[in-house]
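Colleague: Could you walk me through the cavities, pockets and charged pairs of this one? I would like to hear the reasoning as well as the answers.

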Amino acid sequence: MSATNVQTEGIDFAAKIRRNLSPAQLYEDALRYEPDTAISSTGALIARSGRKTGRSPRDKRVVEEASTVDDVWWGPVNKKLSEEAFAINYERAANYLNTRERLYVFDGYAGWDPKYRIKVRVICARAYHALFMNNMLIRPTQQELADFGEPDFTIVNAGQFPANRFTKGMTSPTSVAISFERRQMVILGTEYAGEMKKGIFTVMHYLMPKAGVLSLHSSCNEGPDGDVSLFFGLSGTGKTTLSADPQRPLIGDDEHVWTENGVFNIEGGCYAKTIDLSAEKEPEIFNAIRFGSVLENVVFDQSTRSVDYTDKSITENTRCAYPIEYIPNAKIPCVGGNPKNIVLLTCDAFGVLPPVAKLTPAQAMYHFISGYTAKIAGTEEGVTEPEATFSACFGQPFLVWHPVKYAQMLAQKMQEHNVNVWLVNTGWNGGAYGIGKRISLKYSRAIIDAIHSGELEKAEYASYGVFNLQIPKAVSNVPAKVLDPSQAWEGSAEEFGDTITKLARLFQANFKEYADKATPEIIAAGPQL
């Protein structure tokens, strides 16, 4: 490896370089050199990410550069950083790495389609970070490694060393910054490995639309006849659970690109939450936690090394990274044809959205841009009420272009391939949280099955109120009463009207941010009061 490569200038590769090591070698180094590292009873490497146990979105920066300044959706998601400040951070990271006795380098691909994939190089000082990215990127063959050459993008991870808070543009000792011109990502002040995974997704979220193909924050599976489904949904909506179907091979669980030929997974692995994980509830993920996997911030028995997945004392965000081939029905290579169905998942804690609705193209764009779900907010007095959450394109923290660009590309794809789009609510029915009940998982699965069997395509529909949604009059194995929230509502009609009006206003208030670039047709596809 040449130290003169512009992406690694200033890093001294005369140090003890540990390049493209096997998982076994990375285990040995992690156990030898990194505190609080252990092997779990099932063979996974247990690592600690230090003070940060989740992503730091407030510390994410994108460099303001002449070649990209007009492309980026600047604002709270993409905060500007000057080229000078980025150069200071890069130099700080390089200087830190130059003090290390060992540097780890991993070369891998982002994207299973050779036409669109990018070559990624990770340079870091922790074996845990190298093993994590060995799992999350696509692992090259020996021949591909020999021919790898220079990368298209480089991650310089000096996360053990803080940013200088007096550098212009810094607001804390943590900095996660991307320069599209320099083709670099520099990490300071956080050892949370997920920053690298989502950093590469952010890079792909910029490069793919620029190349005329659509990047998506979604899971994806394929039926026995080759019919592909995309699942969008924020945390807690059931995206992972509902896309994990023993009858349908998994193409990927989180990040995809839709090209002229179909879809491909960006990643070579999965990064699953493990809080309250059990073999009964999620056997595929549970059994993927074995040799080669990385468990983060979990609590375990010091003698047996058995992990207690219910223990949240370090963090609620306990996770495991493992190669996708550890999932028994993963489709390798992770590519599929053009999607036939798109499922937008929401967990509506207000209890007024239907369990399933068929969306028009304009409604699909509106709900895709909105990215709605509702979480349960607790108060000190123990009072709980729903709290609406909106995340544009179901992945706002990783968008680079304006949300409408992704939505327009999606609409074009839907039209070209005659795709069905469904809004599926896995939240409350019969009343809001605290009064109604969470929609049974067996009903949600029955709805997904009815989508895949073609039953819902042929169903009879009725128009549903303020949101003007088309809801089916019948779905196999789902009680008719459940399908219409106004019928399932256990309170008064007045309470129902007040609640649906409240949610509609929240949708309208949120969409004002995007209205300037949205067409009148998209705006009209939202709730009307």
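What follows is a chat about a predicted model, taken one question at a time.

Colleague: Let's start inside. How many cavities of 30 Å³ or more does the structure hold, and what is the volume of the largest cavity?

Modeller: The structure holds three cavities of 30 Å³ or more. The largest cavity has a volume of about 50 Å³.

Colleague: Which helices each supply at least two residues of the lining of that largest cavity?

Modeller: The lining consists of Ala 110, Met 133, Met 136, Leu 137, Lys 197, Ile 200, Glu 255, Ile 266 and Glu 267. Two helices each supply at least two residues of the lining: H3 (127-136) and H5 (194-210).

Colleague: And by class, how many charged residues are in that lining?

Modeller: Glu 255, Glu 267 and Lys 197 are among the lining residues. By class, the lining has six nonpolar residues and no polar ones, and the charged residues number three.

Colleague: Two of those names make me curious. What is the distance between the closest N and O atoms of Lys 197 and Glu 267?

Modeller: Side chains of opposite charge can pair when their charged atoms come close. Lys 197 and Glu 267 form a salt bridge. This pair links distant parts of the chain, with Lys 197 in helix H5 and Glu 267 in the loop between strands S16 (263-265) and S17 (269-273), 70 residues apart. Their closest N and O atoms are separated by 2.7 Å.

Colleague: Are Lys 197 and Glu 267 buried or exposed, and which residues are joined with them into one network?

Modeller: Both Lys 197 and Glu 267 are buried. Through salt bridges that share partners, the network joins these two with Lys 198, Lys 239, Asp 254 and Glu 255.

Colleague: Now the second largest pocket. Which element gives the most to its lining?

Modeller: This pocket has a volume of about 450 Å³. Of its 20 lining residues, the closest to the centre are Arg 55, Pro 57, Arg 58, Pro 76 and Pro 397. Strand S9 (175-179) and H5 each supply at least two residues of the lining. With four residues, the element that gives the most is H5.

Colleague: How many salt bridges does a search of the whole structure find, and why does the pair of Arg 19 and Asp 107 tie together parts that are apart in sequence?

Modeller: The search finds 22 salt bridges. In one of them, the closest N and O atoms of Arg 19 and Asp 107 are 3.1 Å apart. Arg 19 lies in strand S1 (residues 16-19) and Asp 107 in strand S6 (residues 102-110), so the pair ties together parts whose separation in sequence is 88 residues.

Colleague: What is the relative accessible area of Asp 107?

Modeller: Its partner Arg 19 counts as partly exposed, at 35% relative accessibility. Asp 107 is buried, and its relative accessible area is 0%.

Colleague: One last pair: where does Lys 210, the partner of Asp 71, lie?

Modeller: Asp 71 and Lys 210 form a salt bridge, with 3.2 Å between the closest N and O atoms. The two are 139 residues apart, Asp 71 being in the loop between strand S4 (60-63) and strand S5 (79-81). Asp 71 is buried at a relative accessible area of 17%, whereas Lys 210 is partly exposed at 49%. As for where Lys 210 lies, the element is helix H5.

How values were computed. Residues numbered from 1 in each chain as written. Predicted model: local features only at pLDDT ≥ 70, side-chain atom pairs only at ≥ 80, totals over all residues. Heavy atoms only, no water. 1 Å grid on protein atoms, 1.4 Å probe; cavity = no way out; pocket = protein on both sides within 12 Å on 5 of 7 lines; lining within 4 Å. Points joined across faces, edges and corners; volume = space filled by probe spheres on them. Nonpolar A, V, L, I, M, F, W, Y, C, P; charged D, E, K, R; others polar. Salt bridge = Lys/Arg side-chain N within 4 Å of Asp/Glu carboxyl O. Buried < 20%, exposed > 50% of the residue type's maximum accessible area, 1.4 Å probe, protein only.
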